[in-house]
Amino acid sequence: MAQTVFIEAINQAIAEEMRRDENVYIMGEDIRRAVYGATADLLGEFGDKRVLDTPLSENGFFGAAIGSSLVGMRPIVETLTSFMWVGMDQLISQAAKMRYMFGGQATLPVVFRATMFYGGGSAAHHSDRSYPMFMNMPGIKIVVPSNPADMKGLLKAAVRDDDPVIIFEDGTLFGMRGEVPDDADLPQGELVVPFGEAKIVREGTDCTIVGIAGAVNHAVVAANTLAAEGVSVEVIDPRTLVPFDKQTVLDSVEKTGRLVIADPAHKVCSAASEIASIVAEEGFWSLQAPIQKVASEQVHIPYTPALEKLVYPTADKIAAAVRRTLES
Amino acid sequence: MDIDQDTLLLMLRRMWMIRNFELKVMEVHEAGEFTGAAHPYIGEEAVAVGACAALEDTDYIAGNHRSHGHPIAKGGRVDKAMAELYGRVDGYCKGKGGSMHLADYSIGILGESGILGSSVPVAVGAALAAHIRGENFVSLAFFGDGASNQGALHESMNLASVWNLPMIFLCENNQYAVTTSYAETVAVEHVSDRASAYNMPGLLVDGQDAIAMYEATSEAVNRARAGEGPTLIEGLTYRYEEHSLGLGRVRRGEYRTQEEIDSWRKRDPLDILEKALISQGIATREECDAINAETVEEVEKATDFARNSPFPEPEALFEDMWANPIPQP
């Protein structure tokens, strides 16, 4: 099994899918020169028709990707979450709605890779963690990988899925190393992670933490800290938010009786809010303490590190939330 | 340009089909047989019919809220279109799209969009697919003078030009965005002038003349198939009716004069095409009238088909969300 950096895992998934299917192509800003790293060496292997540098016009090229998917292409669009606002009309009015609105005639196998560059002094215009807004809109599948292996396997699944998918790539993980299995070691011969299957990252009996994207790793750190205090924590990574594997979470809460949700998105109407609501509705009688949300504060992202570090979920905040569930 | 006689007669038939479809829609909407917005294409028939006559079934179109003319012009079925307006299961979109969202993927109609300008980038995507795969189909986007101010249109024209795509931008300039005139909102004299900003030809065409629209579009299609890139065409036309059915009951200030409406009606697109066909000896007056009558009959049959088609069952609410279905939350 190879140790692979998160950004390399993205690159491997794209290249493998482009080799497998000639209808797969990639477009985005500055991808030929791989400014963000994920598209390195693609131009040389696949040529300029399948590796497209775009003008700065998200509404235009998001729409072009969507339109090409309607007629048999399988585009991968590289963008940043914060640039998606500029292309929202195409994402919502077209990608999300076309299939239903046209009675199932439209099929849209289009993937948007949206990087979330937060936590590094990028300030309010470059730090969005916007997946909850898209969870509210039917018609888009939403993927939130937390490690290199899942990143690779989920991106490959996204390219093969026939529906619009947005993969929210957590920029805080871009340098993360992790084990990515070699294809030869896998029973199915390749790494494809199916949507809607949560992963139990660590088993425990006293409290369940559901982590989203980069917060999964903070949850694991918190769990290690708490283990030293004699508290056994189960950490769950849903991996996809649409579809969401609620059964794995409900089963865990039935076992532990406590739930903390760690979510880098803004706390109001967050992924954490939705998960809390599901457990409150369907797992209430398992609960021995109030559900705790550890999400980002409801402010914009300040530039100065002195303030930005106060915004997001951290291992300390998550551990404190777990301790609160144990007080009752 | 020599135009095949069968093409000319097909154009006349499709124009009458649109005219009679829209007249029927106005009648049954007024009678309350269905609700919701519907935007009559009466007066503008020559634009879509002339343009689509220059396309093949394997070429793509996308359109806007004034949505009945485009699919009929491309060869769509009036029974499925009417059933869609009635919200029935036999409609093009099984009743889920309605008047503003007709689509027929079997003949390249990628769908009409209620958000104006929004379908233009989508149409560019079809042209991009042709470019990547090295195939020779083309894509055409209909939009109005109002949507010519949308960023989506300008981004699309730039993209199509820098990527040299087989794309036709077709502006139906019917003079008004609801009640706001073209002159008040468009900074250039003609929408077609905007082509120069994107290094593509801009053709200004009499949109009441179906033959002129056919010729202009054919020129653009030939350029596109030859790998010479996109073209912008502006068809000057006029909306006889109000912006939308139902809006007639809303009180609003005058925005156009009867004199102006009358002057456009004197250049009716059906009248212009029929006179051309008769003067060239392609059809007689009687044959033109017969085509009109046949389309009236076909629209009547389509309306009966729509009325007799059932409404969707409640289970249909959750269908057609996904190609690879997932559980409802």
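Biologist: At roughly what angle do the axes of helix α4 and helix α11 of chain B cross, and within what distance do they come?

Modeller: This is a predicted model, by the way. In it, the axes of α4 (residues 78-85) and α11 (residues 285-308) of chain B come within 8 Å and cross at roughly 45°.

Biologist: Why is that pair, α4(B) and α11(B), called oblique?

Modeller: An angle under 35 degrees would count as roughly parallel, and 65 to 115 as roughly perpendicular. The crossing is at roughly 45°, and α4(B) and α11(B) are therefore oblique to each other. As for handedness, α4(B) passes α11(B) in a right-handed crossing.

Biologist: Which residues of α4(B) and α11(B) meet?

Modeller: From α4(B) come Val78(B), Asp79(B), Met82(B), Ala83(B) and Leu85(B). On the α11(B) side they meet Glu298(B), Val299(B), Lys301(B), Ala302(B), Thr303(B), Phe305(B) and Ala306(B). Sorted by class, this contact has eight nonpolar, one polar and three charged residues.

Biologist: Let's turn to chain A. What makes β3 and β12 of chain A edge strands?

Modeller: Each of them, β3 (51-53) and β12 (240-242), pairs on one side only. They belong to an open sheet of seven strands in chain A, ordered β3-β2-β4-β5-β7-β6-β12, with mixed pairing. Ignoring direction, neighbouring strands in this sheet are turned by 20° against each other on average.

Biologist: How do you know that β5(A) and β7(A) pair?

Modeller: The definition asks for at least two bridges between two strands. Six bridges join β5 (residues 111-116) to β7 (residues 165-170) of chain A, and these strands run parallel. Thr115(A), for instance, stands opposite Glu169(A) in β7(A).

Biologist: And how many bridges join β1 to β8 in chain A?

Modeller: Four bridges link β1 (residues 2-5) with β8 of chain A, and here the strands run antiparallel. Ala2(A) has Val180(A) in β8(A) as its bridge partner. That same Val180(A), together with Gly178(A), makes up the covered face of β8 (residues 177-180), while Arg177(A) and Glu179(A) form the uncovered one.

Biologist: Which helix gives the most to the side of chain A that touches chain B?

Modeller: That is α3(A), with ten residues. The contact takes 40 residues from chain A and 38 residues from chain B. By class, the side of chain A has 17 nonpolar, 16 polar and seven charged residues. Helix α3 (residues 58-70) also lies across β2 (24-28) and β4 (74-80) of chain A, running at about 160° to β4(A).

Biologist: Now the backbone. What makes Val178(B) stand out in its phi?

Modeller: Its phi is positive, about 55°, although Val178(B) is not a glycine. Val178(B) sits in the loop between β5 (176-177) and β6 (180-181) of chain B.

Biologist: Is Val178(B) buried or exposed, and why?

Modeller: Exposed means 12 or fewer other C-beta atoms within 10 Å. Val178(B) has 12, so it counts as exposed.

Biologist: Why is Asp320(B) called partly exposed, then?

Modeller: Buried starts at 20 C-beta neighbours, and exposed stops at 12. Asp320(B) has 19 inside 10 Å, so it falls in between and counts as partly exposed. Asp320(B) lies in the segment after α11 of chain B, and its phi is positive too, near 75°.

Biologist: One last point: how do you know that the peptide bond from Val242(A) to Pro243(A) is cis?

Modeller: Omega of that bond is near 0°. Pro243(A) lies in the loop between β12 and α10 (246-256) of chain A.

How values were computed:
Residues are numbered from 1 along each chain as its sequence is written. Chains are lettered from A and ligands numbered from 1 in the order in which they are written. This is a predicted model: local features need pLDDT of at least 70, side-chain atom pairs count only at pLDDT 80 or more; totals for chains, interfaces and linings use all residues. Axes are lines fitted to C-alpha atoms, for helices over the stretch in contact, and angles run from 0 to 180 degrees between N-to-C directions. Helices (H or I, at least four residues) and strands (E, at least two) are DSSP runs, numbered from the N terminus. Angles under 35 degrees count as roughly parallel, over 145 as roughly antiparallel, 65 to 115 as roughly perpendicular and the rest as oblique. A crossing is left-handed if the near helix is turned anticlockwise from the far one by less than a right angle, and right-handed if clockwise. Two residues are in contact if their C-beta atoms, placed from the backbone, lie within 7 Å. Ala, Val, Leu, Ile, Met, Phe, Trp, Tyr, Cys and Pro count as nonpolar, Asp, Glu, Lys and Arg as charged, and the others, Gly among them, as polar.
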